[in-house]
Amino acid sequence: LLAVAILHRDNGQLADAEQTARAFLDLMPDDQRATLLLAQLLQQQDRIEDAVRLIEDTLNRKPSNRILRLQYARLLTITDRPLAVEQFEILRKQDPTDQENNFLLALLLLNEGQIEESVKLFTQASRKPSLRADAQYHLGGIAERKGNMVTALGHYREVRFGRNYLSATAR
């Protein structure tokens with residue numbers, strides 16, 4: 001059934017895909033793949049609140065499922081930022097070395113005005129090579145807003161590739 005739901009999705013038949021995914025979840029209510037697929041289908045149909053509730057209900061039964069919690073936190077960034085921060089904090093407590101989570105949490109905290117905590121998390125996230133350029137770019141922006149141009153330029157110099165490269169080198 002799940003493969004059929006995926007085929008429907010891939011063919012743009014979102015209503016059929018949703019119906020099939022729901023039928024699968026009726027048989028296996030806590031299946032992570034089916035839950036994530038149905039949440040994705042709901043999101044594609046601009047039914048974000050339904051997707052949030054679906055994952056929230058599953059998380060209530062399986063609170064230690066990290067993958068579901070991550071998707072829940074990501075969806076909450078659209079609907080409820082303070083709750084999204086809470087969820088990313090839970091993920092951080094489960095694994096403080098998850099630099100992707102630290103980076104996402106840093107972005108949220110930066111947007112919420114929690115500058116010092118975001119600096120700590122961006123600094124940690126910059127240890128991961130794939131996140132280094134983006135984390136350094138944000139650290140440069142924070143230093144620049146604080147008026148510390150020497151520090152800002154040092155961070156911008158660390159941006160050697162990626163989507164922020166041109167902006168960083170222009171500084």
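Trainee: Is Asn164 buried or exposed?
Mentor: Keep in mind from the start that we are looking at a predicted model. The relative accessible area of Asn164 is 13%, and a residue has to be under 20% to be called buried. Because 13% falls under that cut-off, the word for Asn164 is buried.

Trainee: Where is the place of Asn164, between which helices?
Mentor: A buried residue need not sit in a helix, and Asn164 is an example, being buried while its place is in a loop. The helices on either side of that loop are H10 (149-157) and H11 (165-170).

Trainee: Leaving aside its neighbours within four places in sequence, which residues is Asn164 in contact with?
Mentor: We set aside the residues within four places of Asn164 in sequence and look at what is left. The contacts that remain are with Asp134, Tyr137 and Val159.

Trainee: How many helices and how many strands does the protein have?
Mentor: Reading along the sequence, one meets the α symbol again and again, in the pattern α-α-α-α-α-α-α-α-α-α-α. The counts for the protein are therefore, with helices and strands taken as DSSP runs, eleven helices and zero strands.

Trainee: What percentage of the residues in the protein is buried?
Mentor: The protein has 171 residues, and its C-alpha atoms fill a box of roughly 60 × 30 × 25 Å along the principal axes. Of these 171 residues, the buried ones make up 39%.

Trainee: Which residues are buried in helix H8?
Mentor: Helix H8 covers residues 115-125, and we go along it looking for residues that count as buried. Those in H8 are Ser118, Leu121, Phe122 and Ala125.

Trainee: Why do the buried residues of H8 line one face of the helix, and within what arc do they fall?
Mentor: An α-helix has 3.6 residues a turn, so residues three or four places apart point the same way. Looking down the axis of H8, we find its buried residues gathered on one face, because they fall within an arc of 100 degrees.

Trainee: Which helices are included in what covers the buried residues of H8?
Mentor: The buried residues in question are Ser118, Leu121, Phe122 and Ala125. What covers them includes helices H6 (81-94), H7 (99-111) and H9 (129-145).

Trainee: Which residues touch the most other members of the largest nonpolar core?
Mentor: In soluble globular proteins, nonpolar side chains tend to be buried together. The largest nonpolar core here has 40 residues, and Phe122 belongs to this core as well as being one of the buried residues of H8. The two residues that touch the most other members are Ile55 and Phe122.

Trainee: Which residues does Ile55 touch, not counting residues up to four places away in sequence?
Mentor: Residues up to four places away in sequence are not counted. With those set aside, Ile55 touches Thr35, Leu36, Ala39, Leu68, Gln71, Tyr72 and Leu75.

Trainee: Which residues does the second, separate core include?
Mentor: Apart from the core that holds Ile55, there is a second one made of seven residues. Tyr137, which we met as a contact of Asn164, belongs to this second core, and among its members are Ala133, Tyr137, Ala152 and Ala168.

Trainee: How far apart are the closest N and O atoms of the salt bridge between Asp30 and Arg61?
Mentor: The structure holds 16 salt bridges, and one of them joins Asp30 to Arg61, with the closest N and O atoms 2.5 Å apart. Asp30 lies in the loop between H2 and H3, and Arg61 in helix H4 (residues 48-61), so the pair ties together parts that are 31 residues apart in sequence. Asp30 and Arg61 are both partly exposed, at 29% and 46% relative accessible area, and the N to O separation you asked for is 2.5 Å.

Trainee: Which residue forms a salt bridge with Lys146?
Mentor: In this salt bridge the closest N and O atoms are 2.6 Å apart, and the partner of Lys146 is Glu116. Lys146 lies in the loop between H9 and H10 while Glu116 is in helix H8, so the pair ties together parts that are 30 residues apart in sequence. At 46% relative accessibility, the residue that counts as partly exposed is the partner itself, Glu116.

Notes
Residues are numbered from 1 along each chain as its sequence is written. This is a predicted model: local features need pLDDT of at least 70, side-chain atom pairs count only at pLDDT 80 or more; totals for chains, interfaces and linings use all residues. Side-chain values use heavy atoms; hydrogens and water are left out. Buried means under 20% relative accessible area, exposed over 50%, partly exposed in between (1.4 Å probe, protein chains only). Helices (H or I, at least four residues) and strands (E, at least two) are DSSP runs, numbered from the N terminus. The arc is that of the directions from the helix axis to the C-beta atoms. Contact means heavy atoms within 4.5 Å. A nonpolar core is a set of buried Ala, Val, Leu, Ile, Met, Phe, Trp, Tyr and Cys residues joined through side-chain atoms within 4.5 Å. A salt bridge is a side-chain nitrogen of Lys or Arg within 4 Å of a carboxyl oxygen of Asp or Glu.
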